[in-house]
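Notebook open, coffee poured. I want to go through this one piece by piece and jot down what I look up.

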Amino acid sequence: MFAKSIKKTRKLSSRFVLLFSAVTLPLLIILFAVGHYAQDVVLTQVANSYQNLVNSNLNMIDRSLDDITTNMVYNVDHDENFQKFGQTGLSDSEYYFAQMELIQRNSAYRSYYHTVDMFYVYSVPNQVLATTNVITDTDHDQVSSWITETLNSPEALRPLMYQWTIVQIGQEYYLHRVVSDDTSNNAYIGALISMNTLKLPLKDVRTGGDVLFAGNDGMILSKPSDSLSKDFRLPADKLAQNTSFSYSDGGRKLFIITSQSPLSGISMAVVLPYSDLLKGLKQFQTVINLLPLFALVILLIYLFVFRRIILTPILQLLGTIRRVKDGDMEMKLPESPITEFDIINHTFNNMMDEIKDLKIDVYEERLNAQKAELKHLQTQINPHFFLNTMNIIFQLADLKRYELVKKTVRHMVGYFRFMLGTSRDTITLSQELEHIRNYLEIQKMRYQDSFDFEIGCAEELLDARIPSLLVQPFVENAMLHGMSVKGEPFLLQITAARAEDSAERMLIEVKDNGKGMSPELMEELASDQYKPASDDNHIGIWNVKKRAAMRYASLARISFQPNDPKGLAVRLLLPIDLTKEQDEHGADAGR
């Protein structure tokens with residue numbers, strides 16, 4: 001028996017030696033190749049890191065350009081001062097005050113959009129240009145002359161309309177956007193953004209590197225660092241690929257990461273010298289070359305002691321872990337003569353005891369976390385709605401429509417009292433619909449005859465309880481994404497009734513005749529895995545789906561489909577809950 005055991009031991013040892021030899025030889029080869037691979041890894045990691053940085057900044061720039069365009073278009077369509085600015089026959093005081101109001105509003109916009117170097121307005125009949133400020137590092141008279149000459153030249157102006165374009169004024173390059181009333185073109189509003197201003201947030205991206213903006217032809221639009229040659233250009237064929245590549249500039253090897261904006265057409269590039277990226281890699285390669293020799297000696301020594309000192313305790317530990325994984329929570333490890341493994345065994349045994357004690361605590365913490373998340377989701381407030389409402393009140397007060405001011409304030413007070421005062425998990429459907437009515441009445445003040453709404457609910461469902469703010473986000477989403485002030489008035493209809501196929505569930509519909517939604521987006525929003533990429537992209541829909549799933553599990557359904565003849569219809573199929581919610585003392589909370 002003893003001889004058989006010795007034979008088995010020798011056989012295991014022989015196999016371990018063979019395994020060691022089979023592993024060591026490829027390892028030595030791999031270690032020699034690591035130096036070359038390390039360089040590729042460094043460049044790949046740098047490329048991924050800076051690619052994300054470049055894409056993120058370009059997305060921020062594109063969103064900012066969209067917001068700036070939206071504000072300028074709004075001024076053209078709705079600002080009375082802008083319309084006066086393009087008229088003739090006004091008194092000096094009327095023309096002066098209109099001009100000052102436009103300058104003050106554009107100055108306020110510029111304080112919000114820090115990337116904009118200059119807002120301007122230009123009156124064609126009066127040949128007057130008004131700007132918000134003086135652009136630094138550029139001759140203001142040169143900028144003013146360029147604006148005046150461009151706006152008075154149909155051939156020069158035509159390619160600049162309806163889009164952000166790159167223009168050159170003197171030695172500087174700018175992003176330029178101009179908006180006008182297409183029916184008369186008596187006045188223009190525009191914005192200029194210096195390419196050097198766009199790169200300011202990333203000017204210290206890396207020591208020895210640079211951030212550049214380039215056009216489609218590779219021309220550098222922003223001021224390059226002194227380390228680059230004066231005639232430095234980027235290859236045009238690489239710019240549209242959103243990739244990283246190597247490039248030479250006067251014998252100096254550079255690593256470049258690029259991405260192109262689909263909105264403005266500009267490309268953003270991070271330029272990094274290879275010498276800085278791989279500064280510490282040469283010493284690393286030397287260590288790599290010597291490492292196999294040291295590894296060979298050390299591994300030969302450990303070969304003799306590994307099986308006795310380490311292998312047996314590890315196998316014992318792994319066997320215990322497997323049994324714990326299979327559900328045997330009573331497993332214990334014995335004491336070990338080796339101090340380190342004895343500590344591991346005692347720690348493992350203590351950990352198992354703590355796991356059993358903490359299982360209930362973890363479960364309770366998850367429940368509390370879900371409740372806390374639910375409260376947080378219920379209290380999300382859109383600050384843009386508040387600012388728009390205050391602007392409506394200001395305009396009505398300016399027009400001395402005091403009755404409408406009081407009506408708007410009353411609806412706003414009701415709206416925010418509901419948003420800030422709701423502390424219960426559920427409310428009645430009538431409370432939710434009243435809150436929506438306050439919201440839509442305010443929107444009615446804003447859009448007047450261009451918007452109307454209808455709210456209908458079966459009498460028997462008025463006291464049905466639902467999570468607060470379950471319907472309102474779909475109404476707000478329809479106003480934000482479906483609203484159109486062109487063509488027929490925008491009509492929003494909210495109805496609630498018992499479901500036709502089940503008396504235990506109710507159907508709440510939010511329908512509009514607006515822009516509608518693409519089938520791909522409807523399918524994406526209806527997916528259980530949907531999650532918005534940002535707080536500005538259908539966050540309310542994700543909020544509703546998350547809270548409905550937490551309360552109703554699979555009993556609730558939310559679907560999106562085209563409305564007839566046009567627009568979007570959102571259908572919420574929910575269980576009917578007619579129980580009365582009680583307060584913390586057990587009394588009915590009421591409505």
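**Entry 1: the core.** Before anything else, I need my term straight: a nonpolar core is a set of buried Ala, Val, Leu, Ile, Met, Phe, Trp, Tyr and Cys residues joined through side-chain atoms within 4.5 Å. I also remind myself that this is a predicted model. Which residues touch the most other members of the largest nonpolar core? I looked, and they are Leu440 and Leu492, in a core of 51 residues. Helix α13 gives the most to this core, with eight residues. I also found a second, separate core, which has 41 residues, including Leu102, Ala187, Ile189 and Val211. As background, nonpolar side chains in soluble globular proteins tend to be buried together.

**Entry 2: leucine 440.** I zoomed in on this one next. Leucine 440 sits in helix α13. Buried or exposed, I asked of leucine 440? Its relative accessibility is 0%, so I put leucine 440 down as buried. Setting aside residues up to four places away in sequence, I listed what leucine 440 touches: Phe451, Phe453, Ile455, Val475, Met479, Leu492 and Ile494. I also checked a C-alpha separation: leucine 440 and glutamate 476 are 36 residues apart along the chain, and their C-alpha atoms are 8.9 Å apart.

**Entry 3: helix α13.** I tried a quick ruler check on the helix that holds leucine 440. Helix α13 covers residues 429-447, which is 19 residues, and at 1.5 Å a residue it should span 27 Å. The C-alpha atoms at its ends are 26 Å apart, so the two values agree. How many of the 19 residues of α13 are buried? I get 15, and I noted the helix as mostly covered. Just after α13 I came to glutamine 448, which has a positive phi of about 55°.

**Entry 4: the five-stranded sheet.** I traced the strand order as β11-β13-β14-β16-β15, an open sheet with mixed pairing. The edges are β11 (451-457) and β15 (557-562), each of which pairs on one side only. From one strand to the next, the twist averages 15°. I then followed β11 to its partner: it runs parallel to β13 (residues 490-499), with seven bridges joining them. Phenylalanine 451 has phenylalanine 490 in β13 as its bridge partner.

Then I looked for helices against the sheet. Helix α14 (residues 472-482) lies across β11, β13, β14 (502-512), β15 and β16 (568-575), at about 155° to β13. Helix α15 (residues 519-526) also packs on the sheet, where it touches β15 and β16, and its direction makes about 175° with that of β15.

**Entry 5: two hairpins.** I moved to β7 and β8. Strand β7 (residues 244-249) and strand β8 (residues 252-260) run antiparallel and are joined by six bridges. I found serine 248 opposite lysine 253 in β8. Two residues lie between the strands of this hairpin, and glycine 250 takes a positive phi near 60°.

Following β8 onward, I saw that it pairs with strand β9 (residues 267-273), antiparallel again, over seven bridges. Leucine 254 stands opposite proline 273 in β9. The hairpin of β8 and β9 has six residues between the strands, and in the turn I noted glycine 265 with a positive phi of about 85°.

**Entry 6: aromatic pairs.** How many aromatic pairs does a search of the whole structure find? It finds five. I wrote up two of them.

Phenylalanine 232 and tyrosine 247 are edge-to-face, 5.8 Å centre to centre with 80° between the planes. Phenylalanine 232 is in the loop between β6 (210-214) and α7 (236-239) and tyrosine 247 is in β7, so the pair ties together parts 15 residues apart in sequence. Phenylalanine 232 is buried at 6% relative accessible area, and tyrosine 247 is partly exposed at 25%.

For phenylalanine 474 and phenylalanine 560, I have ring centres 6.2 Å apart and planes at 50°, so the pair is tilted. Phenylalanine 474 belongs to helix α14 and phenylalanine 560 to strand β15, so this pair ties together parts 86 residues apart in sequence. Both rings' residues went down as buried: phenylalanine 474 at 3% relative accessibility, phenylalanine 560 at 11%.

Last jotting: Phe232, Phe245 and Tyr247 form one aromatic cluster.

How values were computed
Residues numbered from 1 in each chain as written. Predicted model: local features only at pLDDT ≥ 70, side-chain atom pairs only at ≥ 80, totals over all residues. Heavy atoms only, no water. Helix = DSSP H or I, 4+ residues; strand = E, 2+ residues; numbered from the N terminus. Expected span 1.5 Å × (residues − 1). Buried < 20%, exposed > 50% of the residue type's maximum accessible area, 1.4 Å probe, protein only. Pairing = 2+ DSSP bridges. Axes fitted to C-alpha atoms, helices over the stretch in contact; angles between N-to-C directions. Contact = heavy atoms within 4.5 Å. Phe/Tyr/Trp six-rings, centres within 6.5 Å; stacked < 30°, edge-to-face > 60°.
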